[in-house]
Amino acid sequence: MEIILSVIWFIFSILFFVLGFFSFKLSKLIIAPFAMPERADVIRDAKKYGFDPDEPIRNFITNFNTYLKNLDRTSHQQNIAAACGYLLASITAILSMILVWW
């Protein structure tokens, strides 16, 4: 009976360790900021008359990149917390495996 329980706890410890590793690896992913492509010369000519047609797009891009930066930070924190939880669960499973034989 102890062997079966030890194998089960060992499988759980490996599973939690792998999940922790992948969560830690996912925490390093970053979404690239959005960049506005260059526009035609016709748009530049509109600026001569006091109208900047790209201003609303630039404002949107600034706000969107701020949103992406916050999303990256939040995702990083959540993945680090998940990785720590999985690694703690892996250590707990190893200790449980040892306690089966105690």
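**Figure 1. Phenylalanine 16 and its contacts with Tyr86, Ala89 and Ser90.** Leaving aside neighbours within four places in sequence, phenylalanine 16 is in contact with these three residues, where contact means heavy atoms within 4.5 Å. You are looking at a predicted model, in which local features need pLDDT of at least 70 and side-chain atom pairs count only at pLDDT 80 or more, while totals for chains, interfaces and linings use all residues. Residues are numbered from 1 along each chain as its sequence is written, and side-chain values use heavy atoms, with hydrogens and water left out. Phenylalanine 16 sits in helix H1; helices are DSSP runs of H or I with at least four residues, strands are runs of E with at least two, and both are numbered from the N terminus. Look also for alanine 83: its C-alpha atom and that of phenylalanine 16 are separated by 9.0 Å, although the two are 67 residues apart along the chain. Is phenylalanine 16 buried, partly exposed or exposed? Its relative accessible area is 23%, so phenylalanine 16 is partly exposed: buried means under 20%, exposed over 50%, and partly exposed in between, using a 1.4 Å probe and protein chains only.

**Figure 2. Helix H1 and its buried residues.** Follow H1 from residue 2 to residue 26: its 25 residues reach 36 Å from the first C-alpha to the last, close to the 36 Å expected at 1.5 Å a residue. That expected span is 1.5 Å times one less than the number of residues. Four residues to find in H1 are Ser6, Ser13, Gly20 and Ser23, which are buried. What do the buried residues of H1 pack against? Their partner is helix H3, residues 55-101. Here is a handy rule for looking at views like this one: an α-helix has 3.6 residues a turn, so residues three or four places apart point the same way.

**Figure 3. A nonpolar patch on the surface, with leucine 15 as one of its members.** Met1, Ile4, Leu5, Ile8, Trp9, Phe12, Leu15 and Leu19 form this patch, and together they have about 720 Å² of accessible area. Such areas come from the Shrake-Rupley method with a 1.4 Å probe, and for residues only the protein chains shown count as cover. Patch members have over 30% relative accessible area and no salt bridge; nonpolar side chains (Val, Leu, Ile, Met, Phe, Trp, Tyr) are joined within 5 Å, like charges within 9 Å. Leucine 15 lies in H1 and counts as partly exposed because its relative accessible area is 41%.

**Figure 4. Aspartate 72, buried yet without a salt bridge.** Start from helix H3, where aspartate 72 lies. What is the nearest side chain of opposite charge? That is lysine 69, 9.0 Å away; a salt bridge needs a side-chain nitrogen of Lys or Arg within 4 Å of a carboxyl oxygen of Asp or Glu. Lys and Arg count as positive and Asp and Glu as negative, while His and the chain ends are not counted. Not counting residues up to four places away in sequence, aspartate 72 touches Leu29, Ile30 and Ile31.

**Figure 5. Phenylalanine 34 in the loop between H1 and helix H2.** H2 covers residues 41-46. Phenylalanine 34 touches Ile61, Phe64, Asn65 and Leu68, again without counting residues up to four places away in sequence. The C-alpha atoms of phenylalanine 34 and isoleucine 61 are 6.7 Å apart, with their positions 27 residues apart along the chain. Phenylalanine 34 counts as partly exposed because its relative accessibility is 42%.

**Figure 6. Helix H3 and alanine 81.** H3 has 47 residues and reaches 70 Å from its first C-alpha to its last, close to the expected 69 Å. Its buried residues, including Ile61, Asn65, Asp72 and Met97, pack against H1. Alanine 81, at 48% relative accessible area, is partly exposed. Its C-alpha is 9.6 Å from that of serine 27, 54 residues apart in sequence.
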